[in-house]
Amino acid sequence: MDVLINQIEAFKQEINAFNVTDKTSLEEFRIKFLGTKGLLKSLMGEMKNVPVEQKKEAGQLLNECKQFAEARFEELSSGLSDHQDNGPALDLTLPGTPMNVGGRHPISLIQNKIISIFARLGFAVAEGPEMEDDWHNFSALNLPEDHPARDMQDTFYLHKSPDWLLRTHTSSVQIREMQNKQLPLRIICPGRVYRNETISARAHCFFHQVEGLYIAEDVSFADLKQTLYFFVKEMFGEDVKVRFRPSYFPFTEPSAEMDISCLICGGGGCSVCKRTGWVEILGCGMVHPAVLDNCGIDSSKYTGFAFGMGIERITMLKYQIKDLRLFSENDLRFLRQFSDAV
Ligand code: 2U9
């Protein structure tokens with residue numbers, strides 16, 4: 001019995017000495033003193049060693065001991081306020097953790113610049129699907145069945161149907177607009193296009209284009225030239241010279257390619273312009289009457305011009321970037337060099 005009394009005394013002292021600061025240490029208290037394998041349980045177990053005539057007294061002592069432990073537990077748990085549970089209080093006056101703010105991709109910067117230049121001439125932006133059918137991507141644009149662009153070597157066809165492919169230009173968006181919108185139509189179509197090319201410094205299996213289209217009564221090649229002159233001056237500056245060379249595209253007639261004087265050497269000749277002093281930046285022409293007819297537009301009443309340019313090409317010239325692969329590698333050392341000011 002004396003042993004039990006001493007043990008109860010030690011138990012109470014231990015309880016008083018136990019330091020509770022948060023929910024975790026409160027739980028440790030509960031397990032240590034009141035848990036199923038705790039100290040109170042083992043004290044209770046001592047009852048079997050107490051002589052029969054002292055069992056009543058021992059029982060009362062142990063009961064009192066249990067009440068003592070439980071009361072202390074209640075006292076400690078009500079003493080814990082909420083904010084102590086969430087760790088140390090927040091100091092709202094401290095400076096925040098700095099966040100890395102991303103910048104725009106150079107392709108997006110140039111695309112936005114092109115959109116804003118043409119917006120000033122009244123061109124609206126039109127967008128469409130990257131997955132296209134053969135008619136919108138090829139047939140409607142006057143590309144014959146046996147045209148090499150339709151070859152598996154050049155176009156990504158989608159497995160399930162030979163009719164479905166990844167668009168090779170954004171012209172398919174213009175076809176949809178011509179079918180669905182009222183004339184006159186003045187749109188530019190920026191977007192990603194796909195071609196089955198071997199990846200190198202000069203070619204990639206996807207890139208970005210902006211194509212433009214203006215259809216109304218009496219649209220002329222002179223309108224096309226003035227529109228593109230304005231674009232070049234706004235994009236590259238007043239001093240840049242422009243020339244047109246005759247060319248061929250199935251969807252335009254007549255067709256031309258437009259060069260600007262080399263931005264690197266100013267026309268004197270360097271490796272970028274291959275010593276010619278000129279660099280090609282886009283293709284253009286008057287929309288072929290067959291294309292207008294394919295979209296239900298009366299080609300005896302309406303005429304139109306169209307142009308197309310690769311955004312990567314414009315961006316490479318503007319920022320003197322030598323390798324097309326840099327645009328899709330997401331190397332931060334490359335991307336960090338471009339600010340939002342174009
Ligand atoms: C419709 C009718 C005609 C868009 C045009 C080009 C010429 C052209 C190339 C430039 C570099 C493609 O990205 S690139 O490889 N584009 O040379 N694009 S005329 O002609 C159209 C478009 C839509 C309905």
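## Exercises on helices, salt bridges and buried residues

Lysine 32 is partly exposed, with a relative accessible area of 33%. The model you see is predicted: local features need pLDDT of at least 70 and side-chain atom pairs pLDDT 80 or more, while totals for chains, interfaces and linings use all residues. Residue numbers start from 1 along each chain as its sequence is written, and side-chain values use heavy atoms, without hydrogens and water.

**Exercise 1. Find the side chain that meets lysine 32 in a salt bridge, and say which helices the two residues lie in.**

Step 1. The partner is glutamate 14, at 2.7 Å from N to O. A salt bridge here is a side-chain nitrogen of Lys or Arg within 4 Å of a carboxyl oxygen of Asp or Glu.

Step 2. Glutamate 14 belongs to helix α1 and lysine 32 to helix α2 (residues 23-34), so their bridge ties together parts 18 residues apart in sequence. Helices are DSSP runs of H or I with at least four residues, strands are runs of E with at least two, and both are numbered from the N terminus.

Step 3. Glutamate 14 is partly exposed as well, at 35% relative accessible area. The scale calls a residue buried under 20%, exposed over 50% and partly exposed in between, using a 1.4 Å probe and protein chains only.

**Exercise 2. Take the salt bridges of glutamate 234 and of glutamate 177, and describe each pair.**

Step 1. Glutamate 234 pairs with arginine 120 at 2.8 Å, N to O. This pair links distant parts of the chain, 114 residues apart: glutamate 234 sits in helix α9 (residues 221-236), and arginine 120 in the loop between α6 (106-119) and β1 (124-125).

Step 2. Now check exposure. Glutamate 234 is partly exposed at 29%, whereas arginine 120 is exposed at 56%.

Step 3. Glutamate 177 meets lysine 181, with N and O 2.9 Å apart. Glutamate 177 is buried at 12%, and lysine 181 is partly exposed at 45%.

Step 4. Some salt bridges share partners, and these join Arg243, Arg245, Glu257, Asp259 and Glu280 into one network. The structure holds 17 salt bridges.

**Exercise 3. Work out how helix α1 is placed against helix α4, and which residues meet.**

Step 1. The axes of α1 (residues 2-17) and α4 (residues 55-78) come within 11 Å and cross at roughly 5°. Each axis is a line fitted to C-alpha atoms, for helices over the stretch in contact, and angles between N-to-C directions run from 0 to 180 degrees.

Step 2. That angle makes α1 roughly parallel to α4. Angles under 35 degrees count as roughly parallel, over 145 as roughly antiparallel, 65 to 115 as roughly perpendicular and the rest as oblique.

Step 3. Residues of α1 including Leu4, Ile8 and Phe11 meet residues of α4, among them Leu61, Cys65 and Phe68. Contact means heavy atoms within 4.5 Å.

Step 4. Sorted by class, this contact has 11 nonpolar, one polar and three charged residues. Nonpolar covers Ala, Val, Leu, Ile, Met, Phe, Trp, Tyr, Cys and Pro, charged covers Asp, Glu, Lys and Arg, and the others, Gly among them, are polar.

**Exercise 4. Describe the surroundings of helix α11, using glutamate 312 as your guide.**

Step 1. Glutamate 312 is found in α11, residues 311-319. Is this residue buried or exposed? Glutamate 312 counts as buried, because its relative accessible area is 6%.

Step 2. Beyond neighbours within four places in sequence, glutamate 312 touches Ile107, Phe207, His208, Leu324 and Phe327. Histidine 208 is 104 residues away in sequence, yet the two C-alpha atoms are 6.5 Å apart.

Step 3. Helix α6 packs on α11 at an angle of about 100°, with axes 9 Å apart. The two helices are therefore roughly perpendicular. Glutamate 312 takes part in this contact, as do Ile107 and Ile110 of α6. Its residues divide into seven nonpolar, two polar and two charged.

Step 4. Other buried residues of α11 include Ile311, Ile314 and Met316. The buried residues of α11 pack against α6, β5 (206-216), α9, β8 (278-287), β9 (303-310) and α12 (326-329).

Step 5. Glutamine 320 follows α11 and has a positive phi, near 55°.
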